[in-house]
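Work through the exercises below with the sequence and the model open. Each task is followed by a solution in steps.

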Amino acid sequence: MIRFCNILLVLTLLAALPAQAALPTPPNVEKKVRNHIRKGNDRYHAMRYAEAEVEYRKALQLDPTSNKAMFNLATTLLRQGNISNNKGDQNDPAAQAEALLQTVIKQSDSELLQSKAYYDLGNIAYHRGQYDQAIAHYKDALRRNPDDDQARYNLRMAQLKKDDKKDNKDQNKDQNQDQNQDQNKDQNQNQDQNKDQNQDQNKDNQDQNQDQNKDQNQDQQQNQGQNDQQQQQQQQKGMSNQNAEQVLKSMQNKEKATQQRINAQKGKEQARQRARSRYKW
């Protein structure tokens with residue numbers, strides 16, 4: 001944890017102390033440019049960065065080609081503001097500093113000054129999260145000054161940050177893939193569940209319809225059986241009534257025949273009695 005805090009402290013420093021100004025030309029402005037750069041350095045060491053900026057700009061008004069004044073002004077601007085991601089904002093101190101450092105690299109013949117400019121550009125890119133650019137700038141700084149241990153250390157930190165960013169990106173990609181797979185799996189499960197539910201429902205409906213049809217058939221068969229039984233009973237009842245009538249009629253005929261025999265016998269008996277009475281007289 002302490003080492004990490006030290007890293008942040010190093011990266012926020014952004015540059016070494018402002019360099020002492022070289023004698024500019026023409027000779028008539030030499031003294032004034034040198035005085036403004038010296039005053040700017042004093043204000044810089046006192047952390048009065050706005051006043052230092054004024055002095056460096058005065059030096060550049062006198063000598064627009066002064067690489068020392070441009071480098072020191074860029075360092076002061078970086079001290080005054082936060083490094084933003086908006087490189088197109090000309091009012092952003094970091095954007096102004098970046099343009100000044102690029103100019104120093106192009107027109108300066110000093111490899112040491114170019115190395116410091118690349119170092120500051122690397123720190124700007126690092127703070128913006130542009131680790132590929134930061135790595136390239138730190139390497140350029142080391143090419144011009146291989147003894148710059150701080151540039152080498154920051155290079156290593158930028159490489160680690162790049163790897164961490166890549167790992168996080170890959171992890172997020174894997175998580176998104178896993179989430180998509182889980183979502184697809186859930187969708188497939190839901191589809192299977194719906195399919196099973198539909199199949200079960202269809203089966204239940206079919207079974208229910210079969211049971212209903214079976215019950216209806218059983219009811220029809222039962223009703224048919226009852227009808228057949230009723231018809232049979234009616235037939236049997238009809239046959240019993242007919243037999244009873246025949247029996248009754250037979251009994252009536254027998255009774256009538258018996259009565260006729262009795263009447264015939266009575267008639268014969270009366271005739272015999274009349275005959276005997278006749279013989280007495």
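**Exercise 1. Decide whether Met 47 is buried or exposed, and describe its backbone.**

Solution. Met 47 has 60% relative accessibility, so it counts as exposed (buried is under 20% relative accessible area, exposed over 50%, partly exposed in between, with a 1.4 Å probe and protein chains only). Next, locate the residue: Met 47 is in the loop between helix 2 (30-45) and helix 3 (49-62). Helices here are DSSP runs of H or I with at least four residues, numbered from the N terminus. Finally, the backbone: phi of Met 47 is near 60°, a positive value in a residue other than glycine.

The model is predicted: local features need pLDDT of at least 70, side-chain atom pairs count only at pLDDT 80 or more, and totals for chains, interfaces and linings use all residues. Residues are numbered from 1 along each chain as its sequence is written, and side-chain values use heavy atoms, with hydrogens and water left out.

**Exercise 2. Count the aromatic pairs and describe two of them.**

Solution. Start with the rule: rings of Phe, Tyr and Trp (its six-membered ring) pair if their centres lie within 6.5 Å; planes under 30 degrees apart are stacked, over 60 edge-to-face, and the rest tilted. The count by this rule is three aromatic pairs. One of them joins Tyr 44 and Tyr 49, with 5.4 Å centre to centre and 70° between the planes, which is edge-to-face. Tyr 44 and Tyr 49 are both buried. Tyr 126 and Tyr 131 form another edge-to-face pair, at 5.6 Å and 75°. Tyr 126 and Tyr 131 are buried too.

**Exercise 3. Describe how helix 6 packs on helix 7.**

Solution. Take the geometry first: helix 6 (residues 111-127) and helix 7 (residues 131-144) pack at about 165°, with axes 8 Å apart. Axes are lines fitted to C-alpha atoms over the stretch in contact, and angles run from 0 to 180 degrees between N-to-C directions. Helix 6 is therefore roughly antiparallel to helix 7 (under 35 degrees is roughly parallel, over 145 roughly antiparallel, 65 to 115 roughly perpendicular, the rest oblique).

Then list the contact (heavy atoms within 4.5 Å): residues of helix 6 including Tyr 118, Leu 121 and Tyr 126 meet residues of helix 7, among them Tyr 131, His 137 and Arg 144.

**Exercise 4. Place Gln 114 and find what it touches.**

Solution. Gln 114 lies in helix 6. Its relative accessibility is 12%, so Gln 114 counts as buried. Leaving out residues up to four places away in sequence, Gln 114 touches Ile 105, Ser 108 and Arg 144.

Terms used. Helices (H or I, at least four residues) and strands (E, at least two) are DSSP runs, numbered from the N terminus.
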